[in-house]
Structures are given as structure tokens and as C-alpha cells.
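Grab a pencil and work through these exercises with the structure in view. Try each task yourself before you read its solution.

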Amino acid sequence: MSHRVNQVVIIGGGTAGWLTAAVLSSQLQSTNKEAVQVTLVESPNIPILGVGEGTWPNLRATLKQIGVSEAEFMKECDATFKQGALFCNWMKPVNEQTHQYYHPLNTVFHSSYEFSLAPYWLLGHSERSRYDHAVATQSLVCEAGLGPKEKTTPEYQAVQEYSYHLNANKFASFLTKHCTEKLGVKYIQANVLKANRDGDDYVTSVTTDSEQYDAICGDLFVDCSGTTPVLFEQTYHIPWVDISDVILNDTAIAMQVPYADPERDIASHTIMTAQDNGWIWDIGLYNRRGVGHVFSSKHTDIKTAEKQLRDYIGQEAEDLTARVIPLKLGYREKFWHKNCVAIGMSAGFVEPLEASAIYLYDAAAKMLADQFPRTRESMQYVEEKFNRSFNMRMLRTIDFIKLHYCISDRDDSAYWRDNCSNKTIPKALQQRLLHWKEHPPTKYDFDNAWEPFNLDSYLYVLYGMKYQTSLAHNQDSFIYSDKAKAKFRDVSMMADKLVTHLPKHRDLLKKVYQFGFTKI
């Protein structure tokens, strides 16, 4: 007898739970009572962690897919535009000038998979000394304090690629309302006490502390219950792969900083400033900044880290409360087991450096929706695919995050020396870096369609941090110098045009908040 999958139960809310609910219910058409139904059970007692307030451009497609107005979302979630990240102080100063570079969201005019400008920049064929300035326009747009589009640009469309900075707590509340009012998601507030299994070890229901919903039955369960997940840890005891020997930052201190000047410019990029034993994020929302210090507790203490954070913020930090957040670094050995899927902190967490958390939630929800098994008998195949995919995504995310630390020339503290020690660098990344000493990265280094960080991301970080790639042995093989020089000129001309025509970021936000976008 076939076991039909008609009922999905999501345990846990927050961004992971509600984003998963939105993706599943919209794609599976849960407003139709004959379709798969989605129930979300959320504890009324557990606050949303909300470490990261940065997102990736994939969220735009998701919000559009689930039927959200972009302007409404931005106003409800204090959202601003994000065009990338500015890295400061990740290398030694040169001539007393703080080192900095951008990892923008847009790529060059063409795909680097087809024609890479990196070797031609390395060979000196660009007039610009910084890689991000030479191959893309977006860092110059960010430096000018401009937005990625105009008010007349339709919702979700872009002049420059963008994502968002947002208030994570408000985003979860926004999704809660949208899911329950527009997408047919059933919402239950209760604490899940235990999971109940059948003779084949599949979960059939969860017991809660609610008198109205003593047992909630389902056919497929999604565990979004955080760092001590009900299903994957308390029920199935799926092992946790600790990565603290590679990613050293295990604690964050966060502060919400109101704008002293309500007309202050708002950066359309995350600012990430390296410290002695970690780094500080600085995110501009519409009505405040979210600022935090991510650090290694093995190399410094909370008191010292908080002082560095307050010194960074300055007078605006006076009388503000700092929140200490322990970071559980690692991932599950399996992300899908039997009829249960882990998404969010229950699945894994690397650290907030490149804002990968919400991307991974969204990617997991989309893969689950696209590959949704309608019978228990079809689950094993999907389970194996899902586990392979997300094991790869976690390993690649760890490698990319580690890249930022291990190629730094900073040696002014034990923290930086430990980060650059081969003992803390994954073997696969070591092999890549050795190869890239004489061969700039190419498409052949990224052979999986679902790599979370693509070729251009690696190029921005490697050459933003002045990684030494010698082309002396094969420079004659790069025969398209005229084509490359033309591309470099095109980038420069387009940057000049964009800087002239795009609006100031705060001015754009004011218009969006007041009038919305042009409708398509």
C-alpha cells in the first residue's frame, strides 16, 4: 500500500521555518484543499536569533514567486538595498592606508565562465589597480553611495544586481502574516515535546503542550527548531560535524544602533572590518544600523570584544545594550533522514561573514519543493540527492569563508596566525590555492551547478586580497588582450554612466517607502 504525502509539518518558525512554509505552500498550491497542506508549529517562548540581516539576490526571486509586493516587504521589514560587501583591514596597511576591496553582487558584463578578465588584469592590461574596480561597476556605485536601481525600475528588476539588508525579526513576522493570510499555511503556537514513530522508524506525529493540539500528524516533517533540533538531535540523534577547527569564530556580540542623524547616508553594502581576533559587521537598515562583532573566544574574551565593538561605533554606542550570541559551528551528517528534513540552524551554520545562512534556507526549501516526494516510497531517492547536494554546499561554504582568512598577510595576533596555518585549512582548499599560484581560477574549478559561491566570487576575494598568481610560465597563452582591454574600457565607461544617473541610496529608499515601485 502506498503511503501518500499529503501533510507537511514544519517545526519551528523564524526565517528558516517561515521561508520554508512560504516556498512549499506557494509551489504546492496549499490554498487548494486537495493539494499538500502545510502546518507550522512554533514555540511561543523561543526568540528569533536573527544573527544575519544580509541576503543574496536569490531572495528576490523567492519573494516574487510567493506573491509578495517588494515595496510592502521593504517597508514592513525596514529593508534597504544590498549590492555587496566592503572588506576593510583584512590585509596589512600599505603606506598607512587601510586595505579594502569589494565583493560586489554583480559580475562583469559577460560571464567569467566564458571569458575571464582575471588573467588579463594580472598581466596589467587594465589601468585600474584594484580588481573589483577593473572588472565590474558595482563597487564604484557603492562608493558613490548610490542605489542599484531607480524608482521607476519595476519591482524586483535591477539596474545593478541587488539583494537586501533586513530586520530578521520583522521579516519572520511579515512571512507569518503572508503565509497564513495568503498561502493557506496553518499556524499553531505550541512547544513540541516529542516525536512519535511507527514500526519503520518514520515520524507520524509530534506531541505538543497544547490542549487543543495534543498530537499533530504529518507525512513529511521539516525540522527548523534551531540549534537543539527536536527531530534531528533529540529523536534521531543525527551526528553533528563540528567545524570549529577550521572556522575559529564562535561568538558574536550584536547591537542595534539608531541613527543620530535621520538623514545620514545609508551604505548599500555590508561593511566588514577585520579586528585583532575577529571582524565587525555594519549593516544599514532604514531606521538603524545593525552592528556586531564576530570573534574567537579562544583568542579573546567577551569584555575585550565588546569594548572593540563600542570603540568602533563611537558615541552612538553609549547606553546601548549589547547581546551576546554563541555560534554553534558545523553541520549535520545528514540533512534528510526518513521523512524528516533539517533546514536552518538545525541543519548547519558556518558564520555570518558572507550572509550564506538565509541563502541556504531558501535553497533547501526550493529543492524540497522542486523534488517533493508524493509518496513515502519515493523518498529514499530524493533523500540521497538532497544529502549529497547539501553536503557539497556546506563544504563549499566552509572553504569560501575560510578563504577570506587563510590568504591574509596579517600576522599581528595568534588569531590570524592560526587562521593561516595549514592545520586549520581544509585539504581541498589547500589544493586549490596551490593550483591557483600558477593558474587563475577557471570554470573547471567549479563543476557543480549548485556551488553556493561561483567563480566570480572567488576571483573578487582572491585578487581583492592580492593573491599572488604568477603567469610567467604561460602568459603567451592569453592571446585576447585586445578583447580584454576593450572590456575593461566598457566597464569604466558604464561605471561613469551609472554614477551619473543612479540615485542616492537614501533618496531611493524614501521614494520606495512613500510611493512604491512602478508596477509591471
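**Exercise 1. Contacts along the chain**

Of the contacts in the chain with a separation of 6 or more, what percentage comes from residues 24 or more positions apart?

*Solution.* Start with the ground rules: this is a predicted model, where local features need pLDDT of at least 70, side-chain atom pairs count only at pLDDT 80 or more, and totals for chains, interfaces and linings use all residues. Residues are numbered from 1 along each chain as its sequence is written, and side-chain values use heavy atoms, with hydrogens and water left out.

Next, a contact means heavy atoms within 4.5 Å. With a separation of 6 or more, 77% of the chain's contacts join residues 24 or more positions apart.

**Exercise 2. The whole chain**

Work out how many helices and strands there are, and why the chain counts as being as compact as a globular protein of its length.

*Solution.* Step one: helices (H or I, at least four residues) and strands (E, at least two) are DSSP runs, numbered from the N terminus. The chain has 16 helices and 21 strands.

Step two: its radius of gyration is 23 Å, and the globule rule gives 24 Å for 520 residues; the two are close, so the chain is as compact as a globular protein of that length. The radius is taken over C-alpha atoms, and the rule is 2.2 Å times the number of residues to the power 0.38.

Step three: along the principal axes, the C-alpha atoms fill a box of roughly 70 × 50 × 50 Å.

Step four: call a residue buried under 20% relative accessible area, exposed over 50%, and partly exposed in between (1.4 Å probe, protein chains only). Buried residues then make up 59% of the 520.

**Exercise 3. Helix H10**

Find the length of H10 and decide whether it is largely enclosed or not.

*Solution.* First, the length: H10 covers residues 356–370, which is 15 residues, and it reaches 21 Å from its first C-alpha to its last. That is close to the expected 21 Å at 1.5 Å a residue, where the expected span is 1.5 Å times one less than the number of residues.

Second, the burial: twelve of the 15 residues of H10 are buried, so this helix is largely enclosed by the rest of the structure. Among the buried ones are Tyr359, Tyr361, Asp362 and Met367.

Third, the cover: the elements over these buried residues include helix H1 (14–27), helix H2 (58–65), strand E11 (220–223) and helix H11 (379–406).

**Exercise 4. Two helices from the cover**

Describe H1, then look at Thr62 in H2.

*Solution.* H1 has 14 residues and reaches 20 Å from first C-alpha to last, close to the 20 Å expected. Since 13 of its 14 residues are buried, H1 is largely enclosed by the rest of the structure. After H1 comes Gln29, with a positive phi near 60 degrees.

Now go to H2, where Thr62 sits. Thr62 has 0% relative accessibility, so it counts as buried. Leaving out residues up to four places away in sequence, Thr62 touches Leu19, Val23, Asp362 and Lys366.

**Exercise 5. Buried or exposed?**

Sort Asn95, His237, Pro441 and Arg410 into buried or exposed.

*Solution.* Take Asn95, in the loop between strand E4 (84–88) and strand E5 (100–104). Its relative accessible area is 70%, so Asn95 is exposed. Phi of Asn95 is positive, near 55 degrees, in a residue other than glycine.

His237 is in the loop between helix H8 (230–235) and strand E12 (240–242). At 57%, His237 is exposed. Phi of His237 is also positive, near 55 degrees.

Pro441 is in the loop between helix H13 (427–435) and helix H14 (455–464). With 1% relative accessibility, Pro441 is buried. The residues it touches include Trp436, Phe446 and Tyr463.

Arg410 lies in the loop between H11 and helix H12 (414–419). At 6% relative accessibility, Arg410 is buried. Its contacts include Trp90, Asp276 and Cys420.

**Exercise 6. Sequence versus space**

What C-alpha distance separates Gln514 from Ala71, and what distance separates Arg410 from Ile11?

*Solution.* Gln514 and Ala71 are 443 residues apart along the chain, and their C-alpha atoms are separated by 9.1 Å. Arg410 and Ile11 are 399 residues apart along the chain, with 43 Å between their C-alpha atoms.
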